[in-house]
Amino acid sequence: LYQVLAISYQLSDDFATAAEVFETLVSKWPKNKQYWQQLYALYVNSNEHLRAILTLERAQELGMLNGPKDYLSKVGLYYNLGRYDRVIEILETGLKNGNIEAEPNNYELLAAAYQQTFQEFK
């Protein structure tokens with residue numbers, strides 16, 4: 001019933017209410033990865049970057065949404081918010097422990113974050 005309700009809100013472009021329903025779903029069934037993905041997508045599509053980040057972090061604490069693309073998505077959201085310190089932290093850690101793939105474009109993103117924080121020497 002909650003799913004039908006959430007989808008109906010999405011179809012009527014009431015994304016805020018749909019997100020509330022998905023918040024209920026993840027609170028009742030926190031191990032359901034699909035609910036977390038849908039909630040995250042709602043926040044991203046609504047340009048609620050901070051809520052999207054918090055959703056990713058909450059899911060990651062439960063062992064979900066922790067693939068390389070998920071970490072890069074979080075990096076992108078922080079970058080859009082101008083939180084270059086967090087971008088650096090996540091990229092440095094992720095590149096070291098393998099949560100983020102060691103590809104040239106990821107290092108370029110790290111270099112751009114260093115430049116934004118006036119750490120050109122790094």
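This is a short tour of salt bridges, a buried glutamine and a pair of helices, with a suggestion at each stop for what to select.

Before setting off, keep in mind that the model on your screen is predicted.

**Stop 1: Arg86 and Glu57**

Begin by selecting Arg86 and Glu57, and show their side chains. The two form a salt bridge, and their closest N and O atoms are 3.4 Å apart. Now colour the helices that carry them: Arg86 belongs to helix H6, which covers residues 84-97, while Glu57 belongs to helix H4, residues 49-61, so this pair ties together parts that lie 29 residues apart in sequence.

Is Arg86 buried or exposed? With a relative accessibility of 17%, Arg86 counts as buried, because the cut-off for that class is under 20%. Its partner Glu57, at 21%, counts as partly exposed.

**Stop 2: along helix H6 to Glu89**

Keep Arg86 selected and add Glu89. Here is a second salt bridge for Arg86: its side chain meets that of Glu89 at 2.7 Å, N to O. Both residues sit in helix H6, 3 residues apart, which is about one turn of the helix. Glu89 is partly exposed, at 43% relative accessibility.

Next, add Lys74 and Glu57 to your selection. Through salt bridges that share partners, Glu57, Lys74, Arg86 and Glu89 are joined into one network.

**Stop 3: Asp85 and Arg83**

Select Asp85 together with Arg83. What links these two side chains? They form a salt bridge, with 3.1 Å between the closest N and O atoms. Asp85 is partly exposed, at a relative accessible area of 43%, and Arg83 is partly exposed as well, at 36%. In total, the model has 6 salt bridges.

**Stop 4: Gln60**

Return to helix H4 and pick out Gln60, which is located in that helix. Gln60 is buried, with a relative accessibility of 14%. Which residues does Gln60 contact, leaving aside its neighbours within four places in sequence? Show Leu65, Asn66, Asp70, Tyr71 and Lys74 to see them. You have met one of these before: Lys74 is also a member of the salt-bridge network.

**Stop 5: helices H5 and H7**

Now select residues 68-80, which make up helix H5, and residues 104-116, which make up helix H7. The axes of the two come within 12 Å and cross at roughly 25°. Angles under 35 degrees count as roughly parallel, so H5 and H7 fall into that class. Their crossing is left-handed.

To see how the two helices meet, show the side chains on each side. H5 contributes Leu72, Val75 and Tyr79, and H7 contributes Asn106, Leu109, Ala112, Ala113 and Gln116. What kinds of residue make up this contact? There are 6 nonpolar and 2 polar residues, and no charged ones.

**Stop 6: Gln116**

Finish with Gln116, one of the H7 residues in that contact. Gln116 is partly exposed, with a relative accessible area of 40%. Not counting residues up to four places away in sequence, Gln116 touches Tyr79 and Tyr84.

For a last view, add Asp70, which you saw in contact with Gln60. How far apart are Gln116 and Asp70 in space? From C-alpha to C-alpha they are 23 Å apart, and in sequence they are separated by 46 residues.

Key
Residues are numbered from 1 along each chain as its sequence is written. This is a predicted model: local features need pLDDT of at least 70, side-chain atom pairs count only at pLDDT 80 or more; totals for chains, interfaces and linings use all residues. Side-chain values use heavy atoms; hydrogens and water are left out. A salt bridge is a side-chain nitrogen of Lys or Arg within 4 Å of a carboxyl oxygen of Asp or Glu. Helices (H or I, at least four residues) and strands (E, at least two) are DSSP runs, numbered from the N terminus. Buried means under 20% relative accessible area, exposed over 50%, partly exposed in between (1.4 Å probe, protein chains only). Contact means heavy atoms within 4.5 Å. Axes are lines fitted to C-alpha atoms, for helices over the stretch in contact, and angles run from 0 to 180 degrees between N-to-C directions. Angles under 35 degrees count as roughly parallel, over 145 as roughly antiparallel, 65 to 115 as roughly perpendicular and the rest as oblique. A crossing is left-handed if the near helix is turned anticlockwise from the far one by less than a right angle, and right-handed if clockwise. Ala, Val, Leu, Ile, Met, Phe, Trp, Tyr, Cys and Pro count as nonpolar, Asp, Glu, Lys and Arg as charged, and the others, Gly among them, as polar.
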